[in-house]
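Before any residue is discussed, it helps to have the coordinates open alongside the text. The questions that follow move from one loop to the contacts between chains and then through the folds.

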Amino acid sequence: MANTQAMCTSFKVELLTGTHAFGTAPTRATTAADSFKAALYLATATINASTTAYTATGEVTGTNYTAGGISTGAFNAPTSTSTTAFTQPTTSLTFGSSGSPVTLSTAFDCVLIYNSTQSNKAVSVHTFSSQTITAGVFTLTLPTNDSTNALIRLA
Amino acid sequence: MGMVTTTKGQMDEAQLEKREGLIDNDDEHTKWVEYWHEGELVHRSAHVTLKKMPSIDGAIASF
């Protein structure tokens with residue numbers, strides 16, 4: 001046998017469950033998973049790696065779209081394959097429905113995932129081709145939840 | 001033909017001109033559909049399937 005220098009894979013998964021705190025951590029009321037939301041941003045906005053929390057600046061506005069966006073629903077339990085930890089929401093993100101269609105007239109190309117339990121702190125930014133919606137539905141289907149495709153991966 | 005939700009309420013699809021499009025690249029697979037009535041856009045929906053996202057790479061240093 002030999003020793004191998006590495007970041008422990010279990011640690012990567014535990015980062016996704018808030019197990020470790022190297023600095024001052026927020027006080028948690030329960031051990032339950034936090035709640036997360038998804039907000040859409042105009043193509044003219046500036047949402048990127050420097051974004052620290054949800055902001056209404058640059059967010060889309062329109063019929064049947066509520067500022068702050070929609071709940072992502074539950075995330076898959078964080079897990080790992082090989083040395084990569086990963087997770088993502090369990091279901092697609094859908095804005096509007098046939099009975100409550102959205103109209104987003106100004107082009108948007110970005111969704112911000114943020115933690116609505118922890119002061120709306122930002123998690124990740126995902127971009128796509130510029131879109132508008134007229135009396136319709138906007139659906140974001142997620143990639144395969146695995147170590148090479150999931151929305152959130154710690155490699 | 002079915003009914004389509006539009007800016008003018010529910011309309012019979014037969015009354016509308018349908019336009020569809022597709023974007024497929026390394027980042028996304030996107031389909032959109034538009035319905036036009038008398039030269040006016042009355043419905044547009046889009047379905048974006050996100051593909052592989054960049055990962056966060058952890059790193060450690062040797063002593």
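**Questions on a predicted two-chain model**

Q: Is Gly39(B) buried or exposed?
A: In this predicted model, Gly39(B) sits in the loop between S4 and S5 of chain B. A residue counts as exposed if 12 or fewer other C-beta atoms lie within 10 Å of its own. Because Gly39(B) has 6 C-beta neighbours inside 10 Å, the residue counts as exposed.

Q: How far apart in space are Gly39(B) and Leu16(B), C-alpha to C-alpha?
A: In sequence, Gly39(B) and Leu16(B) are separated by 23 residues. In space, taken from C-alpha to C-alpha, the distance between Gly39(B) and Leu16(B) is 9.7 Å.

Q: Which residue in the loop between S4 and S5 of chain B is exposed, with 9 other C-beta atoms within 10 Å?
A: The loop between S4 and S5 of chain B holds a residue other than glycine whose phi is positive, near 50°. Most residues other than glycine have a negative phi. With 9 other C-beta atoms within 10 Å, and therefore exposed, the residue is Glu38(B).

Q: What is the average pLDDT of chain B?
A: For the model as a whole, the scores are ipTM 0.91 and pTM 0.93. In chain B, 98% of the residues score at least 70, and the average pLDDT is 92.

Q: Which strand gives the most to the side of chain B that touches chain A?
A: The contact joins 26 residues of chain B with 28 residues of chain A. On the chain B side, strand S1 (3-6), strand S4 (28-37) and strand S5 (40-50) each supply at least two residues. By class, this side of chain B has 9 nonpolar, 11 polar and 6 charged residues. With 10 residues, the strand that gives the most is S5(B).

Q: Which residue of S5(B) stands opposite Leu140(A)?
A: Strand S8 of chain A, residues 138-141, pairs with S5(B) in the parallel sense over 4 bridges. The covered face of S8(A) carries Phe138(A) and Leu140(A), whereas Thr139(A) and Thr141(A) are on the uncovered one. Across from Leu140(A), in S5(B), stands Val48(B).

Q: Which residue is the bridge partner of Leu93(A) in S8(A)?
A: S5(A) and S8(A) run antiparallel and are joined by 3 bridges. In S8(A), the bridge partner of Leu93(A) is Leu140(A).

Q: Which strand gives the most to the largest nonpolar core?
A: This core has 35 residues, and those touching the most other members are Ala39(A), Leu40(A), Tyr41(A), Cys110(A), Val111(A) and Leu112(A). Strands of chain A that each supply at least two core residues include strand S1 (36-42) and strand S7 (121-136), and S5 of chain B does so together with them. Leu40(A), for its part, touches residues including Phe95(A), Phe108(A), Cys110(A) and Val111(A). With 8 residues, the strand that gives the most to the core is S6(A).

Q: How many strands does chain A have?
A: From the N terminus on, the elements of chain A run α-β-β-β-β-β-β-β-β-β. The secondary structure of chain A thus comes to 1 helix and 9 strands.

Q: Which strands stand at the edges of the open sheet S3-S4-S9 of chain A?
A: The sheet has 3 strands with antiparallel pairing, and 3 bridges join S3(A) to S4(A). Because two of the strands each have a single partner strand, one side of each is left without a neighbour in the sheet; these edge strands are S3 and S9 of chain A.

Q: At about what angle does helix H1 of chain A run to S4(A)?
A: Helix H1 (residues 9-16) of chain A lies across S3, S4 and S9 of chain A. Relative to S4(A), helix H1 runs at about 20°.

Q: How many other C-beta atoms lie within 10 Å of Asn64(A)?
A: Asn64(A) is found in the loop between S1 and strand S2 (70-71) of chain A, and its phi is near 65°, a positive value in a residue other than glycine. Asn64(A) is partly exposed because the number of other C-beta atoms within 10 Å is 15.

Technical notes:
Residues numbered from 1 in each chain as written. Chains lettered and ligands numbered in written order. Predicted model: local features only at pLDDT ≥ 70, side-chain atom pairs only at ≥ 80, totals over all residues. Contact = placed C-beta atoms within 7 Å. Nonpolar A, V, L, I, M, F, W, Y, C, P; charged D, E, K, R; others polar. Pairing = 2+ DSSP bridges. Core = buried A, V, L, I, M, F, W, Y, C linked by C-beta atoms within 7 Å. Buried ≥ 20, exposed ≤ 12 C-beta atoms within 10 Å, placed from the backbone. pLDDT = per-residue confidence, 0-100. Axes fitted to C-alpha atoms, helices over the stretch in contact; angles between N-to-C directions. Lists of a residue's contacts leave out its neighbours within four places in sequence.
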